Amino acid sequence: MLYDRNYMRNPLKSGFNSVVDKLIIVLLVSFVIQSLMKLGNLSDATLNYFSLSIDSLSNGYLWTLISYAFLHDSPLHLIGNLLGLHFIGRNVEILIGSQNFSWLCVLSAIAGGIIWIPFNNQPLIIDGRMIYPALLGASAIVMACLTYFCLLRPNQEISILLFFILPVNLRPKYILMAVLGIELYGFVFGELQNNNVIAHSAHLGGMLVGAAVYQFLLKNYSFPYFKLKFSSKEKFFKSKSQTKPSPKFSRKDFKVDISNYDQLQTEVNRILDKINDFGFGSLTTKEKDTLEKAKSLLHKN
């Protein structure tokens, strides 16, 4: 029973139940719709209402502070962000839980947009028309995930394929320093000089949020809890006994009679839900002890 959940059996194969899985699906669907809009000559309308620019904010389209992250200007742009979410974001979600990861995504997208706007608010004259620069892509979210992971696991050696060919072992802290240096260089000598199409300022905004969230969670603070309701086949086919909601948890200490199988099973369900939402680090000492004791007891049963 303890390991019958997807995120306990194999977190990297969650069967489209994680926030990363859903985000990847949304990004793919959004790109397909965006491409169809181009075929129907409706691309300009899509960008006007959903991409981020000083013009969209002036028109009151505040949702573009988030919606821009779901649009991409090319397949390569999309694939790069999807790879970052799959390989980096997925691990971050496992480490901090779905709820904290959701906040990380939302805050990094907003911060990336807010920091990008002041440096890209001058109109461009294209074909005799005055057009404001527009921001697209989920890169700020990917950068936030990268920053958080590198700060949390600075010395854990990881293997990467340099140029997709040469395997290289690197420590995350060096990767973070290299990425930060590249983004700062691109921002100062590219974006500020109006000769670079890459939104380095938005990337830096995402990295800033990644560092801030790391410090926030390190101090054992927690983001406001909200329940995301997604329908899935797994939930649809659960029996009534399985769909019974687990008791809500608080930070109070829980006393569990481990000799009582039903009580122990209920408590373990609550703890696993807490891990899924907020990560293993959110558990109290007693909750960790309960899990350790439950491993052998529930396995025997």
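**Figure 1. Two buried cysteines, Cys 150 and Cys 145, in a chain without disulfides.** Cys 150 is buried, since its relative accessible area comes to 3%. In this predicted model, Cys 150 is also listed in a nonpolar core of 9 residues, together with Met 143, Leu 176 and Val 179 among others. Counting disulfides over the structure gives 0. Cys 145, for its part, takes part in no disulfide, and the nearest cysteine sulfur, which belongs to Cys 105, is 5.3 Å away. A disulfide would require the two sulfur atoms to lie within 2.5 Å, so the distance of 5.3 Å between the sulfurs of Cys 145 and Cys 105 does not qualify. Cys 145 is buried as well, with a relative accessibility of 1%.

**Figure 2. The chain as a whole, as a setting for the close-up views.** The chain has 301 residues, of which 38% are buried, and its secondary structure consists of 14 helices and 4 strands. Among contacts with a separation of 6 or more, 66% join residues that are 24 or more positions apart in the chain. The exposed surface of the chain amounts to about 18,000 Å², and carbon and sulfur atoms supply 63% of that area.

**Figure 3. The largest nonpolar core, with 38 residues.** In soluble globular proteins, nonpolar side chains tend to be buried together. Within the largest core of this model, the residues that touch the most other members are Leu 85, Val 92, Phe 101, Leu 104 and Ile 141. Two or more residues come from each of helix 2, helix 6, helix 7 (98–116), helix 8 (139–152) and helix 10 (200–218), and helix 8 gives the most, with 7 residues. A closer look at Leu 85 shows contacts with Val 20, Leu 23, Ile 24, Leu 27, Arg 90, Ile 141 and Val 142, once its neighbours within four places in sequence are left aside. The core of 9 residues that includes Met 143 and Cys 150 is separate from this one.

**Figure 4. The salt bridge between Asp 21 and Arg 90.** The structure holds 1 salt bridge, and its partners are Asp 21 and Arg 90, whose closest N and O atoms are 2.9 Å apart. This pair links distant parts of the chain, because Asp 21 belongs to helix 2 (residues 19–39) while Arg 90 belongs to helix 6 (residues 75–96), and 69 residues separate them. Both Asp 21 and Arg 90 are buried. Arg 90 is also one of the residues in contact with Leu 85.

**Figure 5. Ser 30 and its link to the backbone of Val 26.** Ser 30 lies in helix 2, and a polar atom of the Ser 30 side chain is 2.8 Å from the backbone oxygen of Val 26. With a relative accessible area of 18%, Ser 30 is counted as buried, because the limit for that class is under 20%.

**Figure 6. His 72 and Ala 138, two buried loop residues.** His 72 is found in the loop between helix 5 (64–67) and helix 6, whereas Ala 138 is found in the loop between strand 2 (129–131) and helix 8. His 72 is buried, with a relative accessible area of 0%, and Ala 138 is buried too, at 2%. A polar atom of the His 72 side chain lies 3.3 Å from the backbone nitrogen of Ala 138. Not counting residues up to four places away in sequence, the residues that His 72 touches include Phe 31, Gln 34, Leu 136 and Gly 137, and those in contact with Ala 138 include Leu 27, Ala 69 and Asn 81. Ala 138 and Leu 78 are 60 residues apart in sequence, yet their C-alpha atoms are 8.3 Å apart in space.

**Figure 7. Asn 100 and Asn 220, one buried and one exposed.** Asn 100 lies in helix 7 and is buried, with a relative accessible area of 4%. Although 122 residues separate Asn 100 from Ser 222 in sequence, the two are 7.8 Å apart in space, C-alpha to C-alpha. Asn 220, in contrast, is exposed, with a relative accessible area of 58%, and lies in the loop between helix 10 and helix 11 (233–236). The backbone of Asn 220 has a positive phi of about 65 degrees, although this residue is not a glycine.

Note on methods:
Residues are numbered from 1 along each chain as its sequence is written. This is a predicted model: local features need pLDDT of at least 70, side-chain atom pairs count only at pLDDT 80 or more; totals for chains, interfaces and linings use all residues. Side-chain values use heavy atoms; hydrogens and water are left out. Buried means under 20% relative accessible area, exposed over 50%, partly exposed in between (1.4 Å probe, protein chains only). A salt bridge is a side-chain nitrogen of Lys or Arg within 4 Å of a carboxyl oxygen of Asp or Glu. Contact means heavy atoms within 4.5 Å. Accessible areas come from the Shrake-Rupley method with a 1.4 Å probe; for residues, only the protein chains shown count as cover. A nonpolar core is a set of buried Ala, Val, Leu, Ile, Met, Phe, Trp, Tyr and Cys residues joined through side-chain atoms within 4.5 Å. A polar contact is a pair of N or O atoms within 3.5 Å; within protein, one must be able to donate a hydrogen and the other to accept it, and residues adjacent in sequence count only if both atoms are side-chain atoms.
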